[in-house]
Amino acid sequence: MELDYAQDTKAPFNMAIATLMSLRATLDAIRNIEARIDYPPEERQRIKIELVKRFYVDSSPLIFDDTILKKYTSILDLKPIKFVCVNRNNQKQVRKIKYSFELNKQLDECLLKLQVELQKKKYYMPPRDDMGSAVGKMS
């Protein structure tokens, strides 16, 4: 028995819009974590690194261009800066995370570049005639 898997031209929901909503949530989470001054800066940066990686992975279906995606795969290798601290009393070594302004700048540049790539594909600003339906779905 042969099954026909012909693709339906109308999807039950627009995956691009769902993905954009997820990306918006990730950007909001990044903004919120950076505003949490009750968290140590090292912890905020560690969380931000993981969120930037998530943004890259989640945006890849929309970018959908191997050359562009390969250009940014280094995002997946980003890690907090670690150093070894020695306790003077017992001489035990402890690994700690150090906040880095350079790493934070690199994370922001990665986000900026990825958002520009998404805009080149016209995902952030829909065509004028589609603006009303897109705004309604995003809110």
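Helices and strands here are runs assigned by DSSP, numbered from the N terminus. The model is predicted, and this tour moves through it one selection at a time.

**First stop: the loop between the strands**

Select β1 (81–86) and β2 (93–98), then the loop between them, where Q91 is found. Although Q91 is not a glycine, its phi is positive, at about 60 degrees. Is the residue buried or exposed? With a relative accessible area of 56%, Q91 is exposed.

**Second stop: helix α2**

Next, select residues 41–63, which form helix α2. The helix has 23 residues, and from its first C-alpha to its last it reaches 31 Å, close to the 33 Å expected at 1.5 Å a residue.

Move on to F64, just after α2. This residue has its place in the loop between α2 and α3 (66–71). Its phi is near 50 degrees, a positive value in a residue other than glycine. F64 is exposed, and its relative accessible area is 70%.

**Third stop: α1 against α2**

Keep α2 displayed and add helix α1, residues 15–35. Two packed helices are described by the angle between their axes and the distance between the axes. For α1 and α2 the angle is about 165 degrees, and the axes are 10 Å apart. An angle over 145 degrees counts as roughly antiparallel, so α1 is roughly antiparallel to α2. The crossing of these two helices is left-handed.

To display the contact, select A16, T19, L20, S22, L23, T26, L27, A29, I30, I33 and E34 on α1. On α2, the matching selection is R44, I47, K48, L51, V52, R54, F55, D58, S59 and L62. While these side chains are in view, recall that an α-helix has 3.6 residues a turn, so residues three or four places apart point the same way.

**Fourth stop: I33**

Centre the view on I33, which lies in helix α1. Residues under 20% relative accessible area count as buried, and I33, at 9%, is therefore buried. Which residues does I33 contact, leaving aside its neighbours within four places in sequence? They are Y39, R44, I47 and L51. A distance can also be drawn from I33 to Q45: the two are 12 residues apart in sequence, and their C-alpha atoms are 8.6 Å apart in space.

**Fifth stop: α2 against α4**

Hide α1 and show helix α4, residues 101–120, together with α2. Here the helices pack at an angle of about 15 degrees, with 10 Å between their axes. An angle under 35 degrees counts as roughly parallel, so α2 is roughly parallel to α4. As α2 passes α4, the crossing is left-handed.

For the residues that meet, select Q45, K48, I49, V52, F55, Y56, S59, L62 and I63 in α2. Then add L103, N104, L107, D108, C110, L111, L114, Q115, E117 and L118 in α4.

**Last stop: the aromatic pair**

How many aromatic pairs does the structure hold? It holds 1, and selecting Y99 and F101 displays its rings. Their centres are 5.0 Å apart and their planes stand at 85 degrees, so the pair is edge-to-face. Y99 is partly exposed, with a relative accessible area of 24%. F101 counts as exposed, at 64% relative accessibility.

Note on methods:
Residues are numbered from 1 along each chain as its sequence is written. This is a predicted model: local features need pLDDT of at least 70, side-chain atom pairs count only at pLDDT 80 or more; totals for chains, interfaces and linings use all residues. Side-chain values use heavy atoms; hydrogens and water are left out. Helices (H or I, at least four residues) and strands (E, at least two) are DSSP runs, numbered from the N terminus. The expected span of a helix is 1.5 Å times one less than its number of residues. Rings of Phe, Tyr and Trp (its six-membered ring) pair if their centres lie within 6.5 Å; planes under 30 degrees apart count as stacked, over 60 as edge-to-face and the rest as tilted. Buried means under 20% relative accessible area, exposed over 50%, partly exposed in between (1.4 Å probe, protein chains only). Axes are lines fitted to C-alpha atoms, for helices over the stretch in contact, and angles run from 0 to 180 degrees between N-to-C directions. Angles under 35 degrees count as roughly parallel, over 145 as roughly antiparallel, 65 to 115 as roughly perpendicular and the rest as oblique. A crossing is left-handed if the near helix is turned anticlockwise from the far one by less than a right angle, and right-handed if clockwise. Contact means heavy atoms within 4.5 Å.
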